Amino acid sequence: MKTVIIGGVAAGASAAARLRRLREDDEIVLLERGPYISFANCGLPYHLGGVIPDRESLLVMTPEHFSARFRVDVRVNHEVVAIDRTAKAVSVRGPDGAECRESYDKLLLATGSSPLVPPLPGVDHPRVFRLWTLPDLDRLMAAVESGARRALVIGGGFIGLETAENLARRGMAVTVVELFDQILPTMDREMTVPLVAEFSRLGVGLELGRKVLSFRPDAEGLAAVLDDSRELVADLVVMAVGVRPNSELANAAGLALGPRGHIVVDEALRTFDPDIHAAGDVVEVADPVLGGSTAIPLAGPANKQGRLAADAIAGRTVRYRGSYGAAVIQIGKLAAASVGTTERRLKAAGADFRKIYLHPASNASYYPGGARFHTKLLFSAEGKILGCQAVGAKGVDKRIDVVAAAMRAGVDARGLAELELAYAPPFNSAKDPVNLAGMIAANVLDSDSRVAQADALPEGAKLLDVREPDEFAEGTIPGAVNIPLESLRDRLTELNPATPITVFCQVGLRGYVAERILRQRGFDAFNLSGGYTTWKLHNPC
Ligand SMILES: Cc1cc2nc3c(=O)[nH]c(=O)nc-3n(C[C@H](O)[C@H](O)[C@H](O)COP(=O)(O)OP(=O)(O)OC[C@H]3O[C@@H](n4cnc5c(N)ncnc54)[C@H](O)[C@@H]3O)c2cc1C
């Protein structure tokens with residue numbers, strides 16, 4: 001059998017290697033239009049910043065090494081320009097511009113995605129860069145090393161933020177311009193507040209809620225004209241405003257595409273043509289949270305889909321059950337990670353959901369070196385986990401990975417409380433933050449706790465701060481009165497049983513104890529989820 005694979009990076013290279021391991025005698029041809037296969041695109045921003053000093057280490061496998069190990073016919077600088085499904089052949093343009101045909105029994109489309117380039121006036125100026133491939137990196141590095149001092153990054157998603165931080169590492173003055181009023185759209189706005197502060201600490205400017213209208217050459221560099229008429233002048237601009245799937249070939253071949261241009265595949269990653277599979281950024285996949293389809297342009301899903309597509313091509317029964325979009329990013333000293341959907345998307349979908357916040361310590365409070373981090377868990381009225389986000393200096397990636405694994409395994413929010421997780425003081429507490437999230441969620445689902453939310457404080461409710469007076473003096477929610485938890489039972493007469501009470505403390509724990517006291521004494525009490533700390537995330541000064 002002869003399999004032709006188009007695209008030689010995450011999904012394509014994974015598929016080629018797996019297919020060879022399964023079928024030693026097959027003919028496998030890997031066609032890649034760029035000069036490299038299997039390079040670490042995720043590492044590009046870190047070479048830019050000098051964190052990965054050796055450019056060659058980004059070349060995970062050279063074509064020669066790959067061919068030698070897997071006996072795959074690897075052809076770089078070979079672009080597939082057409083698919084003839086009837087003849088089962090592809091047209092390939094080689095490095096000399098000449099075209100040839102390559103027949104196939106099975107075809108895998110692993111063509112990935114490309115950065116979106118909005119049609120703005122001046123966007124084709126040579127000082128406007130993108131960061132997607134090694135040649136892109138080389139061009140950007142050359143500009144940085146030729147003395148550029150000021151950079152504008154357009155787009156506040158993963159690639160834009162990583163690029164901004166790494167340009168700042170090179171000593172450049174960097175500003176990120178983002179259309180939305182927040183960075184990192186995989187998180188909800190309040191959860192990105194610590195990242196905004198971290199960028200400020202790093203000296204990176206953020207222009208949020210601002211649109212670039214055009215670029216104009218300026219005597220001192222290139223000026224980006226904003227929608228508020230200001231002009232930001234820089235020596236170079238990096239565009240990172242999102243990606244689009246490279247599905248033109250599939251479209252021309254008559255394969256079905258989804259609403260945003262991704263190739264439609266079944267659970268075996270097969271298009272409606274039984275001899276053509278597709279994997280990676282170019283496909284749409286099942287959305288196990290909201291239902292329907294989604295597109296998750298990330299390396300983990302691409303690699304796994306490549307492997308599964310090879311299994312399917314080799315005749316095995318496979319089932320790709322969709323992507324939850326688990327993702328993580330490092331910004332300065334903080335990490336931000338998420339899985340599943342956001343509150344913003346749940347609201348847009350009109351979904352019924354519950355949310356809780358907690359701000360646990362990464363490890364036992366008595367053990368040095370721990371750090372508090374912020375966590376938000378979203379779940380349905382039945383307890384299905386819909387999403388989780390965390391941001392902080394320590395322990396964030398581990399907790400999101402545990403929740404991601406739980407979601408994949410069908411564990412619900414209550415089930416998080418039961419997960420048995422390895423414990424010792426340097427790593428966590430006997431009740432890991434993931435367990436705590438499950439316990440709080442169970443309290444909410446069982447109505448043991450009725451939570452109020454900082455972004456929608458109940459109208460007419462009395463705000464009761466049950467922290468210590470010194471904490472209260474340092475700052476509280478406007479209008480709150482202070483009765484410390486320890487004296488609450490003795491001062492109940494100061495509260496009106498006819499008025500609803502929203503109790504809060506620093507992170508929600510003392511507030512929960514107070515809520516239980518009050519409710520068992522007949523008061524109409526709610527606990528503010530995540531306490532004053534959550535309120536501060538929603539109301540940063
Ligand atoms: C700077 C950067 C940082 C990233 N960081 C992360 C990260 O930290 N974590 C994460 O999960 N993901 C990250 N990603 C995303 C991740 O790299 C992609 O999701 C993943 O590479 C997608 O794999 P793929 O195989 O579908 O596509 P790609 O890896 O893009 O490979 C597709 C290949 O197909 C080739 N191709 C396209 N059309 C043709 C054609 N007609 N003929 C021949 N060849 C063709 C392309 O040249 C390309 O090399 C990052 C991406 C970038 C660019």
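This is a short walk through one strand, one cavity and two aromatic pairs in the structure above. Keep in mind that the model is predicted.

Let's start with strand β10. Strand β10 covers residues 150–154. Is it enclosed or open? Four of its five residues are buried, so the rest of the structure largely encloses β10.

Now its neighbours. On one pairing we have strand β11, residues 173–178. β10 and β11 run parallel, joined by five bridges. To find the pairing on screen, pick Ala 151 and look across to Val 174 in β11.

How does the chain get from β10 to β11? Look for helix α5, residues 158–169. Together, β10, α5 and β11 form a β-α-β unit, and that unit is right-handed.

β10 has another pairing, with strand β16, residues 236–239. Four bridges join these two, and again they run parallel. Here, take Leu 152 as your marker: its bridge partner in β16 is Val 237.

Next, empty space. How many cavities of 30 Å³ or more does the structure hold? One. The largest cavity contains about 70 Å³ of space.

Which residues line the largest cavity? The lining includes Leu 358, Phe 373, Thr 375, Cys 388 and Ala 390. Further along the chain, Arg 399, Ile 400, Val 403, Pro 433, Val 434 and Ala 437 also line the largest cavity. Four elements each give two or more residues to this lining: strands β25 (373–379) and β26 (385–392), and helices α10 (396–409) and α12 (433–445). By class, the lining has nine nonpolar residues, one polar and one charged.

Last topic: aromatic rings. A search of the whole structure turns up two aromatic pairs.

The Phe 66 and Phe 70 rings have centres 4.9 Å apart. Their planes sit at 50°, so this pair is tilted. Where are they? Both are in helix α3, residues 63–70. They lie four residues apart, about one turn of the helix. Phe 66 is buried, and Phe 70 is buried too.

The other pair is Tyr 532 with Trp 535. Their ring centres are 5.8 Å apart. Why is this pair called stacked? The planes are at 15°, and stacked means under 30 degrees. Tyr 532 and Trp 535 both belong to helix α16, residues 531–538. They are three residues apart, about one turn of the helix. Buried or exposed? Tyr 532 and Trp 535 are both buried.

To recap: β10 pairs with β11 and with β16. The aromatic pairs are one tilted, in α3, and one stacked, in α16.

Terms used
Residues numbered from 1 in each chain as written. Predicted model: local features only at pLDDT ≥ 70, side-chain atom pairs only at ≥ 80, totals over all residues. Heavy atoms only, no water. Buried < 20%, exposed > 50% of the residue type's maximum accessible area, 1.4 Å probe, protein only. Pairing = 2+ DSSP bridges. Right-handed = clockwise from strand over helix to strand, strands pointing away. 1 Å grid on protein atoms, 1.4 Å probe; cavity = no way out; pocket = protein on both sides within 12 Å on 5 of 7 lines; lining within 4 Å. Points joined across faces, edges and corners; volume = space filled by probe spheres on them. Nonpolar A, V, L, I, M, F, W, Y, C, P; charged D, E, K, R; others polar. Phe/Tyr/Trp six-rings, centres within 6.5 Å; stacked < 30°, edge-to-face > 60°.
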